[in-house]
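Student: I have a structure open and would like to go through it with you. Can we take it piece by piece?

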Amino acid sequence: MSSIERIVGGIVPRVSTDPLHLLAAGRDLWSRTTLRLANGLLPQTPAAICWPETHQQLVELLDWASAAGVPIVPYGAGSGVCGGSGGREDSLVVDTKRMRGITRVDREHMLVHVEPGMLGQELEDRLERLGLATRHSPSSIWCSSVGGWAAARSAGQFSSLYGKFEDMVVAMKVATPTGTLLTGMHSPPGQEDLGPVIQGSEGTLGLITELCIRVVPVPEHRWLRAYAFPDLSSALEAMRAIMQADLWPAVMRLYDPVDTLIGGKLGSSGGKSSGKGHGHRAFLRILQSLDNLDAFRSRELNLAFALPRLLNRLAAGLGGRVLLILGWEGDPQIVPCQVQAAMGFLQGAQDLGAAPAHAWYQHRHDVSYKLAPIFSRGGFADTMEVASTWTRLEPMYRMVRDALARNVVVMSHFSHAYPEGCSIYFTFAGTGDIHRYDRTWEEALRAVRLAGGTVTHHHGVGLLKARAATRELGHALRVYRRRKQSLDPGGIMNPGRLFVAASPADDGPLPPSSKGPVFHLDSKSLLATVDPVASPSALREALAREGYTFRIPPDRPLKDWLLAWNLLAFDRHEVPMFGLQARFKDGCSARIGMAPRSAAGPDLRWGLLREAEPEAVEIPVIPLSAPRCLASMATPEPWQEARKLLRRGLRPLSCKGSSSPRGGQDRLSLLLLGPAGDSLVEALGLSPTPASSAKDPSPPRNPAMHASEDTIRGATAHHLLGEPEDA
Amino acid sequence: MPDPYQTCTFCPRLCRHVCPVALATGLEAATPSAMMGAVYLARRGLLDPSLAGRAAAMCTACGACSRHCKEQVPVGDLLSQARSRYLPPRSPEALAPVEGDAPRVAVECDTRSWAGALARKLREPVARLHTSDHLGASCMDHPQTAEPQISSLARLLDGRIAITSCSACAGVLRRANLQYVWLHSLPGIHVPTPVLDSPTMKLSPAPDLLPGTLPCCGQGGILARSFPQLAKDLARECASRLPATAVPTFDSLFRVALTPYDVDIYDPIDILLGEAPAASLHEGTSKGGEAPQKRTPLHGAP
Ligand SMILES: Cc1cc2nc3c(=O)[nH]c(=O)nc-3n(C[C@H](O)[C@H](O)[C@H](O)COP(=O)(O)OP(=O)(O)OC[C@H]3O[C@@H](n4cnc5c(N)ncnc54)[C@H](O)[C@@H]3O)c2cc1C
Ligand code: SF4
Ligand code: SF4
């Protein structure tokens, strides 16, 4: 028995240096490692692997490792695609999969406590038996763990409705080299909630040992349909309009022309609008054969991979129609109202019916089988998921696609849409060695940066994007490094991953503004960059001059308001801040969050806000002209009613409970945004209030945690109506 | 057709969540993809063949991965082939002669003797065949050990029908193409839940508690022999997923696996011997209750 085995074995029940286990712990699913393996190069293997079973064992283990200087590599299910969890030579891999219980179900607050090593599908299956679901459904749900989801800021296929996984986590227990850390709902009062820094830290700060996550009732009703659009731009416009109209679809997937053609997604009409002639027909055949695994053997296809530029040029010549899959799910009374209202944004599209959309839903995991055969046939394949605001989205799509197209055959789809932007998922395949693979990534990542996007929306960073993420976060990394210093002073946690040591360039000052407190208005993405010290009324006036108002009205200057923001009381759909530019005392300036819902490391905005002087904040706005609808109901228990409605999936801009001073009946008032408002009011049996009173949502006095608050906002506040129980 | 070992090696482990061994043990090396990967590497000369043999020995051949896989890779068979290639053969224990002369033969594979009780119940003679290693179930990977065993078994049974309640014994009988019936399917042996006839196991403990079924308790074949600890993990996993009140089970192996745990066991042999009530449990007894369970999975058991 080796000495590491003996020592670790004294702390954790199971440890091994068996080469079989070390080999398995040597890699995650980074395509680069797979490519090397296909070329006969085995991955590095760690010194040992262990399987802890309790939080306390981990605390002791990390304490020992920190003193002994042993690098620790947390390992969930190893489905990461960026090289985040393979064990390096000198390391101890800590596999979480023997910590996989549901430790508590709290129906009252719709919260579930779960251990990190549980596989996603097992969690959903177990919850389903209780009538509950997370509805976090990444394509890797069969092969990824709950801890890995949080550590790498995962997103599922229904994220447009339910949010990314980080939006579902309300508390975590974390073992760090300096002891136990509780986050979110359980973070010690008066202290900074380190939840946003732990999520996305990819095991570099500590090991997540328990998560408390929001759950929803299993959706009763699902509506899915497919539409064909004449071109990408018009389809993207429809997606944006739907997302900005508060219609909350669960599924929104738009395939670019190449991806649409592959597999004949539009049936025989798919190629109609594309080029004519023999060359194009041959190309179509090649493309469609990409969907058929056996085709990868054909000479035609190998040739295509070897000549990506030619193939991509032909693809660009296709122009061509695109396929949009749309879906809603949830309450059978709410969904039809949302669907009906969305029809107004689909005028230019051809309705392809429900069948293609159901086919997608049923076979949505099949695509995961398609990349492996490419390695078997001597090629490589990989995926890249980036995100940007609606304004920068299409230019970014073209820039990144062009950069990739120089080296590989590329197709893409747009999914994970939000009111402010969307992510793009590129799938590419090529032939060649590791150098071609590296060059492909390098050029594509550079294009993302130039296009103003984030280099990752949900796959995280690992080794693959460590340099790019470091560049993206710039000086804001100081915030991370300070927390790293206090949680992992010996630097033993997953060393070498996530960020590289580099001195970032200063982001420089924002361009001078001529618009008073509103520095910049991105009307397409509904984002305003504003002065963080201006008064709410000055901001409101300046926005109104442009025809906009706050989506979430502050009750004091943004700087103070955001510092007091309670991350937990709100659905994280209700994001109060996107981009943030702030200056440290030494004059260095940092600008982050300019692309939505990034997974490039942890969310550092909240820490940056504390540690540096904010100079500009990007906030969500809504057009003054947006349809709104105020409704109310008389009820002796406004909060019980609010909770019921919110749990059914209603997403009002605000709810207000009021008691009548003269002994009359208490009322619940709701402000609904968007074209579905009126029909929702009718379907839910609420009483409409005259339009004149549908003004701005009244500012919450305090972000509401408890039923005693008289105003709550956002949808998932319903999880927290009532006293959260202690864990 | 591409090399199936390679297909699984490069597959993003898309069936790991249905593999009972991978799930119960939490071992990365026990995922179907990793077991197949070890064989793939050994075949390419990149890994010590004995490691590939040990990897393959973790598979119980339950078939769950193949049923789930879109490519339908026959992992169980391929890993069995790998065992025959990379592991030394084991000799089965010599088969004892069949006691009695009757058209049906009770295959007794644990300490309980039930042929007589069955004869009384059926009011017809029943012969007895005793085996202490499940008819050599763990020797079936190697043709040089399997084939002689199969022929002597065929000789012993000599056209008679075997009766068993054990999935491992049934596996050998199936492999030998010999006729057999399940004990619980005989008249008068009242067992409470329906039996799912999966290719290698006849178990479906409380199907409503599991997505699909839990197809293996790990006690049969090579896993229990090569990795007794992994087999125990698997049994514990089975136990943790069953309702606390009752375990309807038709498999003596499963019974052995579950004995240390806090579950009531209904076994056709017990029922036959009058040691367990034949009362009908309502199907798939499930508390439908909320976690945490009575028996905390993985953590509480010995
Ligand atoms: C076929 C396929 C499809 C995919 N589809 C999606 C998708 O749709 N959406 C998506 O978001 N991702 C997707 N991914 C990527 C991957 O599944 C996610 O990144 C997932 O979150 C990783 O989880 P894991 O348990 O496998 O983590 P691992 O790969 O084991 O680890 C990921 C990182 O987190 C760290 N880590 C793991 N567990 C812990 C813990 N308990 N505490 C602290 N750190 C920890 C590791 O050290 C590593 O840095 C896909 C991957 C594949 C192979
Ligand atoms: S059996 Fe199928 S799903 Fe499982 S590893 Fe092999 S290819 Fe993947
Ligand atoms: S046959 Fe069963 S035990 Fe073997 S790898 Fe497949 S699922 Fe796992």
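Student: How many salt bridges does a search of the whole structure find over all chains?

Tutor: The search finds 46 over all chains. Keep in mind that this is a predicted model.

Student: Which residue forms a salt bridge with A:Arg135?

Tutor: A:Glu329 does, and the closest N and O atoms of the pair are 2.6 Å apart. The pair links distant parts of the chain, with the two positions 194 residues apart in numbering. A:Arg135 sits in the loop between strand E7 (132-133) and H6 of chain A, while A:Glu329 belongs to strand E14 (residues 322-330) of chain A.

Student: And how many salt bridges are there across the interface of chain B and chain A?

Tutor: The rule finds four there. In one salt bridge, the side chains of B:Asp233 and A:Arg14 meet at 2.9 Å, N to O. Across that interface there are also 14 residue pairs in polar contact, with both residues at pLDDT 80 or more.

Student: Which helices of chain B supply at least two residues each to the side that touches chain A?

Tutor: Helix H1 (4-10), helix H2 (20-25), helix H3 (32-43), helix H4 (49-56) and helix H11 (228-241) of chain B. H11(B) gives the most, with five residues. By class, that side of chain B has 25 nonpolar, twelve polar and 13 charged residues.

Student: How much area do chain B and chain A bury between them?

Tutor: About 4400 Å², with 58% of it on carbon and sulfur atoms. In residue terms, 50 residues of chain B are in contact with 51 residues of chain A.

Student: Why quote an area for an interface?

Tutor: Because the size of an interface is often given as the accessible area lost when the parts come together.

Student: Switching to ligands. Where does ligand 1 lie?

Tutor: Ligand 1 is between chains A and B. It is surrounded by 35 residues, and the closest are A:Pro74, A:Ser79, A:Ser140, A:Ser145 and A:Ala155.

Student: What about backbone atoms of A:Pro74 and oxygen atoms of ligand 1, how far apart are they?

Tutor: A backbone N or O atom of A:Pro74 lies 2.7 Å from an oxygen atom of ligand 1. For A:Gly76, a polar backbone atom is 2.8 Å from an oxygen atom of the ligand. A polar backbone atom of A:Gly148 is 3.1 Å from a ligand 1 oxygen.

Student: How much of the accessible area of ligand 1 does the protein cover?

Tutor: The protein covers 95% of the 970 Å² that ligand 1 has on its own. Strand E3 (72-75), helix H6 (146-151) and strand E10 (207-214) of chain A are the elements giving two or more residues to the shell. H6(A) gives the most, with four residues. The shell residues divide into 14 nonpolar, 20 polar and one charged.

Student: Which residues are around ligand 2?

Tutor: From chain A there is A:Tyr369. Those from chain B include B:Cys8, B:Cys11, B:Cys15 and B:Cys69. Ligand 2 also lies between chains A and B, and its shell has eight nonpolar residues, two polar and no charged.

Student: Last one, ligand 3. Which residues are closest?

Tutor: B:Cys19, B:Cys59, B:Cys62, B:Gly63 and B:Cys65 are the closest of the 13 that surround ligand 3. H2, H3 and helix H5 (64-68) of chain B each give two or more residues to that shell. Its residues divide into eleven nonpolar, two polar and no charged.

Terms used: Residues numbered from 1 in each chain as written. Chains lettered and ligands numbered in written order. Predicted model: local features only at pLDDT ≥ 70, side-chain atom pairs only at ≥ 80, totals over all residues. Heavy atoms only, no water. Near = heavy atom within 4 Å. Polar contact = N/O pair within 3.5 Å; in protein donor to acceptor, adjacent residues only side chain to side chain. Areas by Shrake-Rupley, 256 points an atom, 1.4 Å probe, with all protein chains shown as cover. Nonpolar A, V, L, I, M, F, W, Y, C, P; charged D, E, K, R; others polar. Contact = heavy atoms within 4.5 Å. Buried area = accessible area lost by both parts, 1.4 Å probe.
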